[in-house]
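Got your viewer open? Let's walk through this model one selection at a time.

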Amino acid sequence: MEVGRSLRGARAAVFAAACVGVSAAGHVWMSAAPIAAWALVVAVLAMGAAAYALGGRQRGFVSIAGLMLAGEAGLHLLFSASQRAGGGVSAGGSAADRKST
């Protein structure tokens with residue numbers, strides 16, 4: 001089934017925003033350290049480009065699961081590197097606030 005380019009682009013953008021948003025929120029929540037804004041921009045652009053490139057045809061469960069695993073691993077490495085570099089944006093509150101509750 002062929003999907004139009006505009007619909008494919010919109011679907012890739014929504015997928016990239018959802019993937020990066022959930023992954024970044026989980027990373028900040030579990031590590032209590034902010035992620036640099038540049039890393040979020042790089043992540044959205046990379047995930048969007050990959051989703052657009054790979055979204056041209058239907059794929060099976062195994063290939064989708066493998067690609068998702070590789071994408072999440074890449075996001076984890078990128079976010080970890082940006083946290084080590086320091087100076088990022090947090091989801092709100094300090095680490096001490098989250099640990100005291």
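Before you click anything, one term: a contact here means heavy atoms within 4.5 Å. You are looking at a predicted model, where local features need pLDDT of at least 70, side-chain atom pairs count only at pLDDT 80 or more, and totals for chains, interfaces and linings use all residues. Residues are numbered from 1 along each chain as its sequence is written, and side-chain values use heavy atoms, with hydrogens and water left out.

**Whole chain**

Start in cartoon view. The chain has 4 helices and 0 strands, where helices (H or I, at least four residues) and strands (E, at least two) are DSSP runs numbered from the N terminus. Reading along the sequence gives α-α-α-α. Of the contacts between residues at least 6 apart in sequence, 86% join residues at least 24 apart.

Now switch on the surface. About 6500 Å² is exposed, and carbon and sulfur atoms supply 71% of that; accessible areas come from the Shrake-Rupley method with a 1.4 Å probe, and for residues only the protein chains shown count as cover. Buried residues make up 24% of the 101 in the chain. Buried means under 20% relative accessible area, exposed means over 50%, and partly exposed is in between (1.4 Å probe, protein chains only).

**Select Ala 24**

Ala 24 sits in helix α1, residues 5–31. Is Ala 24 buried or exposed? Its relative accessibility is 11%, so Ala 24 counts as buried. Which residues does Ala 24 contact, leaving aside neighbours within four places in sequence? Show Ile 35, Leu 40 and Phe 79. Then draw a C-alpha to C-alpha distance to Ala 39: the two are 15 residues apart in sequence and 9.7 Å apart in space.

**Select Ala 32**

Next is the loop between α1 and α2 (37–54), home of Ala 32. Check its backbone: phi is near 55°, a positive value in a residue other than glycine. Ala 32 counts as partly exposed because its relative accessibility is 23%. Gln 83 is 51 residues along in sequence, yet the C-alpha atoms of Ala 32 and Gln 83 are 9.9 Å apart.

**Select Ser 82**

Jump to helix α3, where you'll find Ser 82. With just 1% relative accessibility, Ser 82 counts as buried. Not counting residues up to four places away in sequence, Ser 82 touches Ile 35, Ala 36, Trp 38 and Ala 39. Ala 37 is 45 residues away along the chain, with 8.8 Å between its C-alpha and that of Ser 82.

**Select Ile 64**

Stay in helix α3 (residues 61–85) for Ile 64. Ile 64 counts as partly exposed, because its relative accessibility is 42%. Add Phe 15 and Met 68: with Ile 64, they make a nonpolar surface patch of about 230 Å². Patches are made of residues with over 30% relative accessible area and no salt bridge; like charges are joined within 9 Å, nonpolar side chains (Val, Leu, Ile, Met, Phe, Trp, Tyr) within 5 Å. A salt bridge is a side-chain nitrogen of Lys or Arg within 4 Å of a carboxyl oxygen of Asp or Glu.

**Last stop: Arg 8 and Tyr 52**

Show both as sticks. Arg 8 lies over the face of Tyr 52, at 4.3 Å from the ring centre. A charge sits over a ring if NZ of Lys or CZ of Arg is within 6 Å of the ring centre and within 35 degrees of the ring normal.
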